[in-house]
Amino acid sequence: MSGSALFETFTRAPLAFDHGEGTWLVTDKGERYLDFGGGVAVNSLGHSHPRLVSALTEQAAKVWHVSNLYEIPGQSRLGERLADATFADKVFFTNSGAEALECAIKTARRYHFVKGHPERFRIITFEGAFHGRTLATIAAGGQYKYLEGFGPKVEGFDQVGFDDIDAAEKAITSETAAILIEPVQGEGGIRPVPTQSLKRLRQLCEQHGLLLIFDEVQCGIGRTGKLFAHEWAGVTPDIMAVAKGIGGGFPMGACLATDEAAVGMTAGVHGTTFGGNPLAMAVGNAVLDVVLEDGFLEDVQRKALLLKQGLASVADEFPDIIEDIRGTGLMLGLKCAAPNTKVNMALRDQHLLAVPAGDNVLRLLPPLTVTDAEIHEALDRIRAGARGLADAIAAAAAK
Ligand SMILES: Cc1ncc(COP(=O)(O)O)c(C=O)c1O
């Protein structure tokens with residue numbers, strides 16, 4: 001017994017935050033932390049954004065929940081806005097990223113089913129992927145550490161190497177329904193998929209009658225400086241999963257699809273109790289209000305460049321700590337030379353929060369509303385953290 005009543009599934013830092021203001025989190029002891037983790041790419045507009053607070057509290061005073069047995073005007077509105085802003089015609093709202101992926105997987109399988117091909121249910125995925133923690137999404141992610149001990153892996157996922165498009169082509173059979181990919185891998189270590197590869201995947205899907213599914217749960221909603229990361233490549237999917245940033249901290253997700261891809265998702269075949277509830281929809285609409293404002297995404301791109309250039313110079317200064325800077329927009333990764341957990345601790349000692357990822361990467365996912373001054377402050381803290389760790393490693397080696 002650890003003394004906690006909670007499942008031991010998380011290794012938590014010994015920090016409890018009392019409140020947040022923009023890019024800052026303040027502990028119960030009054031200590032201020034610069035939040036460049038953003039609740040793992042969730043706090044797209046920072047903490048306590050006044051527009052989100054008023055959207056939520058205004059809705060809270062009206063009605064919280066009615067169920068999907070009734071019309072939810074905020075849901076219709078957000079659905080239309082997402083469709084207007086993207087490739088999609090149809091949207092299904094969920095509470096989380098994994099549920100958005102479940103809906104995407106089911107949508108792809110149902111498509112082939114109603115087209116008379118129930119045998120086409122397999123989905124090709126890529127090494128290093130992360131799609132969530134439900135039984136189907138751990139099978140899609142294919143990572144042994146998440147699958148171990150949970151019984152037989154859900155059938156129907158074929159994994160190939162990261163960015164190995166030749167292998168993806170070879171993996172296509174008469175049972176393949178779709179290809180599922182994160183345009184920028186998040187948990188896998190901030191690994192952007194080259195534009196050319198996304199284009200080839202689109203072509204393969206056309207050639208073989210497959211559906212292309214993008215998982216933009218982490219890289220979507222302005223994170224890369226476009227509303228969705230795939231816009232950089234000029235390639236559109238048939239189905240897309242979204243979550244995290246769209247709720248700005250309120251739990252919500254969405255599965256978007258073209259009319260054609262969603263053809264099998266007819267009345268009664270899928271559902272949710274909480275998905276698309278009025279509170280979530282009020283916040284989602286308010287997030288879009290801000291992110292779609294003129295100049296907002298251009299400003300994200302400008303700030304991202306400032307941060308990336310600053311990080312590159314810290315990496316040059318401390319090559320034994322930071323090997324390389326990866327990523328795009330405000331979705332950046334420090335490819336660490338020292339263990340990423342140690343670099344994370346060194347930054348936390350400087351009261352800067354980041355998030356470890358695979359491939360020995362430390363993620364920086366600040367709110368899209370981060371200011372230039374906060375970027376400079378973060379760079380100072382990262383430099384100080386790297387220096388402290390470099391000194392500690394040198395002192396240990398000298399012993
Ligand atoms: C790319 C991606 N897909 C899916 C998920 C799962 O989302 P959730 O934890 O909200 O279920 C995550 C979460 O980190 C993610 O990064």
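The expected span of a helix is 1.5 Å times one less than its number of residues, and that rule offers a way into this predicted model. Helix H8 has 14 residues, so at 1.5 Å a residue it should span 20 Å, and its end C-alpha atoms are indeed 20 Å apart, in agreement with the expectation.

Having checked the length of H8, the reader can turn to the two sides of this helix. Ser197, Leu198, Leu201, Arg202, Leu204 and Cys205 are buried in H8, and because they cover an arc of only 160 degrees around the axis, they fall on the same side of the helix. The face of H8 turned away from that buried side carries the exposed residues Gln196, Gln203, Glu206 and Gln207. The buried residues of H8 are covered by elements that include strand E5, helix H7 (165–171), strand E7 (176–181) and strand E10 (211–215). Just after H8, Gly209 takes a positive phi of about 70 degrees.

H8 also holds a charged pair within its own length. Side chains of opposite charge can pair when their charged atoms come close. Glu206 forms a salt bridge with Arg202, and the closest N and O atoms are 2.8 Å apart. An α-helix has 3.6 residues a turn, so residues three or four places apart point the same way. In H8, which runs over residues 195–208, Glu206 and Arg202 are 4 residues apart and therefore separated by about one helical turn. The two partners nevertheless fall into separate classes of accessibility: Glu206 counts as exposed because its relative accessibility is 54%, while Arg202, at 15%, counts as buried.

Strand E5, one of the elements that cover the buried side of H8, contains Thr125. Is Thr125 buried or exposed? With a relative accessibility of 1%, Thr125 counts as buried. Its surroundings, leaving aside neighbours within four places in sequence, consist of contacts with Ala140, Phe157, Asp158, Gln159, Val160 and Leu180. With Gln159, the side chain of Thr125 makes a polar contact to the side chain, at 3.1 Å.

A second helix, H2 (residues 50–60), can be read in a similar manner. Leu52, Ala55 and Gln59 are buried in H2, and they lie on the same side of H2 because they cover an arc of only 65 degrees around the axis. Pro50 and Glu58, on the other side of H2, are exposed. The buried residues of H2 pack against helix H9.

Beyond single helices, charged side chains join parts of the chain that are separated in sequence. A search of the whole structure finds 22 salt bridges, and one of them is formed by Lys115 and Glu260, whose closest N and O atoms are 3.0 Å apart. Lys115 lies in the loop between helix H4 (97–114) and strand E5 (122–126), whereas Glu260 lies in the loop between strand E12 and helix H9 (278–291), so this pair ties together parts that are 145 residues apart in sequence. Lys115 counts as partly exposed at 41% relative accessibility, and Glu260, with a relative accessible area of 42%, is also partly exposed.

Another salt bridge brings together the side chains of Lys335 and Asp359, at 3.5 Å from N to O. This pair links distant parts of the chain, for Lys335 is in strand E14 (residues 331–336) and Asp359 is in the loop between strand E16 (355–357) and strand E17 (361–364), 24 residues apart. Lys335 is buried, with a relative accessible area of 15%, whereas Asp359 counts as partly exposed at 38%. Elsewhere, salt bridges that share partners join Asp299, Arg302, Lys303 and Asp372 into one network.

The last stop is a lysine that carries an annotation. At Lys244, an unreviewed UniProt entry places the feature "modified residue: N6-(pyridoxal phosphate)lysine". In the model, Lys244 is found in the loop between strand E11 (239–242) and strand E12 (253–257). Which residues does Lys244 touch, not counting residues up to four places away in sequence? Lys244 touches Val40, Ala41, Val42, Val217, Gln218 and Met252. With Val40 there is also a polar approach, since the backbone oxygen of Val40 lies 3.0 Å from a polar atom of the side chain of Lys244.

Key
Residues numbered from 1 in each chain as written. Predicted model: local features only at pLDDT ≥ 70, side-chain atom pairs only at ≥ 80, totals over all residues. Heavy atoms only, no water. UniProt positions renumbered as here; feature names shortened; annotations may be inferred. Helix = DSSP H or I, 4+ residues; strand = E, 2+ residues; numbered from the N terminus. Contact = heavy atoms within 4.5 Å. Polar contact = N/O pair within 3.5 Å; in protein donor to acceptor, adjacent residues only side chain to side chain. Salt bridge = Lys/Arg side-chain N within 4 Å of Asp/Glu carboxyl O. Buried < 20%, exposed > 50% of the residue type's maximum accessible area, 1.4 Å probe, protein only. Arc of directions from axis to C-beta.
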